[in-house]
Amino acid sequence: MSQIGKQVVDFKVQAFENGNFKEVKKEDVLGKWSVFFFYPADFTFVCPTELEDLANLYDEFKARNCEIYSVSTDTHFVHKAWHDTSNTIKKIKYPMLADPTGVLSRGFDVMIEEAGLAERGTFIVNPQGEIVAYEVVAGNIGRNADELLRRLKALQFVAEHPAEVCPAKWNEGSETLKPSIDLVGVI
């Protein structure tokens, strides 16, 4: 079943961010773009490479009014311990959400029930709290933050220009298409 257009589940979770614990809830997500970046667990192998990739582009996401939320079923205490022991994870400035009850993992339909872990799911949520893009990949495959940022830019463009669409490999500043009968069979 498609997740497109689905509202983010109502939630209230603990997070670790910039050396502090804090609470994050659905209301905090509304009014800006968000990326929910689920990963299986802290202290693993592929996960830190992905989280570092996002950390390296975090300023660009923030400049686009987009917050990144990394999410695993670990507690906020485990997130802090990982941050304190890993030079890679120390680079992270975005909130690391703790989902030990699985409210978010189940709400985004990425919970691996038999393992109590989340799939590698990436969700872009618009300012109204609706999922507008998502991808779930196998646990042994890392994701690409550059592609995620490109996709966010395209989604923001079409949100601002609803009469236009972005073709494959579209990048900011590239030509878009204006759907009409004149284009049918021409492209």
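Does Trp 82 count as buried or exposed, and at what relative accessibility? Select the residue in this predicted model, and the calculation puts Trp 82 at 3% relative accessibility, so that the side chain counts as buried, the cut-off for that class being under 20%.

Keep Trp 82 selected and add Phe 43, since the two rings form a tilted aromatic pair, with 6.0 Å from centre to centre and 40° between the planes. Phe 43 belongs to the loop between β3 and α2 (46-63), whereas Trp 82 belongs to helix α3 (residues 76-85), and the pair thus links distant parts of the chain, 39 residues apart. Phe 43 is partly exposed, with a relative accessible area of 45%, while its partner Trp 82 is buried.

Next, show the sheet as a cartoon and follow its seven strands, which run in the order β2-β1-β5-β4-β3-β8-β9, form an open sheet and have mixed pairing. At the edges are β2 (20-25) and β9 (131-137), each of which pairs on one side only. Looking across the strands, you will find that neighbours in this sheet are turned by 25° against each other on average, with direction ignored.

Zoom in on β8 and β9, which pair in the antiparallel sense over six bridges; one position to label is Arg 120, whose bridge partner in β9 is Val 137.

Now bring in the helices that pack on the sheet. Helix α3 touches β1 (12-17), β2, β4 (66-72) and β5 (96-98), and its direction makes about 15° with that of β1. Helix α5 (residues 145-160) also packs on the sheet, where it touches β3, β4, β8 and β9, and its direction makes about 150° with that of β3.

Return to the side chains and display the aromatic rings, among which a search of the whole structure finds 13 pairs. Select Phe 38 and Phe 123, an edge-to-face pair with 5.8 Å between the centres and 85° between the planes. Because Phe 38 lies in strand β3 (residues 33-38) and Phe 123 in strand β8 (residues 120-125), this pair ties together parts that are 85 residues apart in sequence. Both residues of the pair, Phe 38 and Phe 123, are buried.

Extend the selection to Phe 11, Phe 36, Tyr 69, Phe 108 and Tyr 134, which ring pairs link with Phe 38 and Phe 123 into a cluster.

As a last stop, select Phe 37 together with Arg 143, whose charged end sits over the ring of Phe 37 at 3.6 Å from the ring centre.

Key
Residues numbered from 1 in each chain as written. Predicted model: local features only at pLDDT ≥ 70, side-chain atom pairs only at ≥ 80, totals over all residues. Heavy atoms only, no water. Phe/Tyr/Trp six-rings, centres within 6.5 Å; stacked < 30°, edge-to-face > 60°. Helix = DSSP H or I, 4+ residues; strand = E, 2+ residues; numbered from the N terminus. Buried < 20%, exposed > 50% of the residue type's maximum accessible area, 1.4 Å probe, protein only. Lys NZ or Arg CZ within 6 Å of the ring centre and 35° of its normal. Pairing = 2+ DSSP bridges. Axes fitted to C-alpha atoms, helices over the stretch in contact; angles between N-to-C directions. Contact = heavy atoms within 4.5 Å.
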